[in-house]
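Here's a quick tour of the fold, sheets first and then what packs where. Keep the viewer open and click along.

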Amino acid sequence: MEFRNNAFEQLENRGFVFQTTHLEELKTRLREKPITFYIGIDPTADDLHIGHFFGLQMARILQDCGHRCIVLVGGATALIGDPTNKSDMRKMLSKEEVARNAKEISSIIKRFVRTDGDNPAIVVDNADWLKPISYIDFLRDIGSNFNVNEMLSKDLYKNRLEKGGLTFMELGYMLMQSFDFVHLNDKYDCILQIGGSDQWGNICGGVELSRKLNFKDGSERPLMMGLTCPLLTNAEGVKMGKTEKGTLWVSREKTSAFEFFQHFVNCLDDDVERLLRFFTNIDVEEIKSMCKDDIVKAKKLMAFEVTKLVHGEDEALKAVQTAKDLFEKGNINTENMPTEIIQNVGQINILDFLSSLSIIKSKSEARRLIEQGGIVIDNIKRADINEMLNLTKDQEIIVKKGKKTFVKIVVK
């Protein structure tokens with residue numbers, strides 16, 4: 001692959017650069033020759049969400065410019081749990097769950113960074129080098145380089161102390177991630193760690209650990225640097241990636257291509273330019289002109305391009321067609337519609353039925369929507385909050401909330 005020396009400029013121009021530990025040195029290194037960098041993902045679930053995808057977009061830009069990509073799947077760190085932005089300790093996963101999640105995520109990653117051909121990315125698991133280290137050796141060799149007072153002053157630990165307390169186990173998370181960076185530097189000459197801005201404290205921990213180890217044994221360790229992208233939030237500062245079903249996952253089994261497409265079609269107008277910068281290769285000046293001339297058209301293009309990146313062009317085209325059928329032609333094509341299965345055969349009050357669905361947050365919301373004429377079930381607008389529905393096995397029910405939210409219910 002041909003090396004291109006404008007990687008930093010591309011990242012900066014498209015809005016990915018938020019924090020750097022060594023700004024000028026990083027710019028110089030990225031211009032001079034290919035470097036090795038890594039991004040870490042903890043397998044706390046068996047899928048990736050849109051936040052992971054955002055970080056992997058940054059990795060793909062660097063890879064496309066000729067830099068070597070390492071994706072670290074945290075099979076060891078996921079057993080501890082990152083306390084960043086958590087008011088309470090994460091749910092502890094079993095070793096079997098983490099191993100299963102790591103396997104699933106490793107296969108999904110290959111959809112977003114190239115793992116074959118020219119300049120392939122490699123996927124590694126930190127369980128391979130962290131598990132063999134004895135507890136005492138880790139404390140002596142790594143733990144001795146961390147000052148607890150300094151650690152507790154960092155936001156990732158400070159917030160946990162204020163909101164819910166901090167366990168000794170969680171305190172070790174930064175040490176593990178910092179050692180990952182040092183290990184990857186020793187084995188692969190990795191000199192850059194990238195990630196979301198919520199990882200700033202952990203990334204700085206690795207940079208600082210490298211400096212201390214260099215000073216400690218007198219060896220010449222190369223400069224190690226950190227780079228973060230902003231968290232993916234909308235124009236109102238709210239974190240993106242939440243649907244009415246919950247997290248916006250990249251697997252169709254959890255978030256259908258249509259749901260994915262609709263999530264972005266329904267974004268704020270002020271978010272369109274940023275999202276086109278993040279998730280397309282369209283020239284920035286063209287993006288600005290497009291958003292100025294026709295924001296609706298730009299929004300639909302953005303939603304299509306993001307869906308195509310995650311689900312492929314065929315699924316993106318199906319999502320576009322489904323949206324047209326539903327919202328422009330009034331046709332109900334249930335094939336690509338979001339589907340929920342409920343276990344509730346027999347009679348049920350309409351409020352109880354609606355509040356059991358993911359698109360309705362509560363029984364009070366269901367009542368309000370019915371009173372305002374915002375609920376249509378099987379093409380009939382419902383107006384009676386006391387109505388009883390008769391559900392039969394294998395029955396399919398189409399529920400419409402407002403103008404743009406549809407769901408197919410299958411009764412089991």
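## The five-stranded sheet

In this predicted model, five strands line up as an open sheet in the order 9-15-14-11-12, with mixed pairing. Strand 9 (339–342) and strand 12 (380–381) are the edge strands, so each of them pairs on one side only.

Looking inside that sheet, strand 14 (residues 396–401) runs antiparallel to strand 15 (residues 405–411), and six bridges link the two. One bridge to click on joins lysine 401 to threonine 405, its partner in strand 15.

## The six-stranded sheet

There's also an open sheet of six strands, ordered 1-6-5-2-3-4, again with mixed pairing. Its edges are strand 1 (19–20) and strand 4, each pairing on one side only.

For a parallel pair, go to strand 2 (residues 36–41) and strand 3 (residues 68–73), which share six bridges. Here phenylalanine 37 sits opposite cysteine 69 of strand 3.

## Nonpolar cores

In soluble globular proteins, nonpolar side chains tend to be buried together. The largest nonpolar core in this model has 67 residues, and Leu48, Leu192, Ile194, Phe264, Leu275 and Leu276 are the ones that touch the most other members. Helix 3 (residues 50–64) supplies the largest share of this core, with eight residues. Another core lies apart from it, made of 30 residues that include Val124, Leu130, Leu171 and Met174.

What does leucine 276 contact once its neighbours within four places in sequence are set aside? The list is Arg14, Ile282, Ile287, Met290, Cys291, Ala298 and Met302.

## A buried arginine

Arginine 114 belongs to the loop between helix 4 (95–109) and strand 4 (122–125). Is arginine 114 buried or exposed? It counts as buried because its relative accessible area is 19%, and the cut-off for buried is under 20%.

Skipping residues up to four places away in sequence, arginine 114 touches Met1, Arg60, Gln63, Asp64, Asn119, Pro120 and Ala121.

## A nonpolar patch on the surface

Out on the surface, Tyr135, Ile136, Leu139 and Phe168 make a nonpolar patch of about 480 Å². Helix 6 (residues 135–141) gives the most to the patch, with three residues.

Isoleucine 136 is part of helix 6. Why does isoleucine 136 count as exposed? Because its relative accessible area is 56%, and exposed means over 50%.

Technical notes: Residues are numbered from 1 along each chain as its sequence is written. This is a predicted model: local features need pLDDT of at least 70, side-chain atom pairs count only at pLDDT 80 or more; totals for chains, interfaces and linings use all residues. Side-chain values use heavy atoms; hydrogens and water are left out. A nonpolar core is a set of buried Ala, Val, Leu, Ile, Met, Phe, Trp, Tyr and Cys residues joined through side-chain atoms within 4.5 Å. Buried means under 20% relative accessible area, exposed over 50%, partly exposed in between (1.4 Å probe, protein chains only). Helices (H or I, at least four residues) and strands (E, at least two) are DSSP runs, numbered from the N terminus. Contact means heavy atoms within 4.5 Å. Two strands pair if DSSP finds at least two bridges between them. Patches are made of residues with over 30% relative accessible area and no salt bridge: like charges are joined within 9 Å, nonpolar side chains (Val, Leu, Ile, Met, Phe, Trp, Tyr) within 5 Å. Accessible areas come from the Shrake-Rupley method with a 1.4 Å probe; for residues, only the protein chains shown count as cover. A salt bridge is a side-chain nitrogen of Lys or Arg within 4 Å of a carboxyl oxygen of Asp or Glu.
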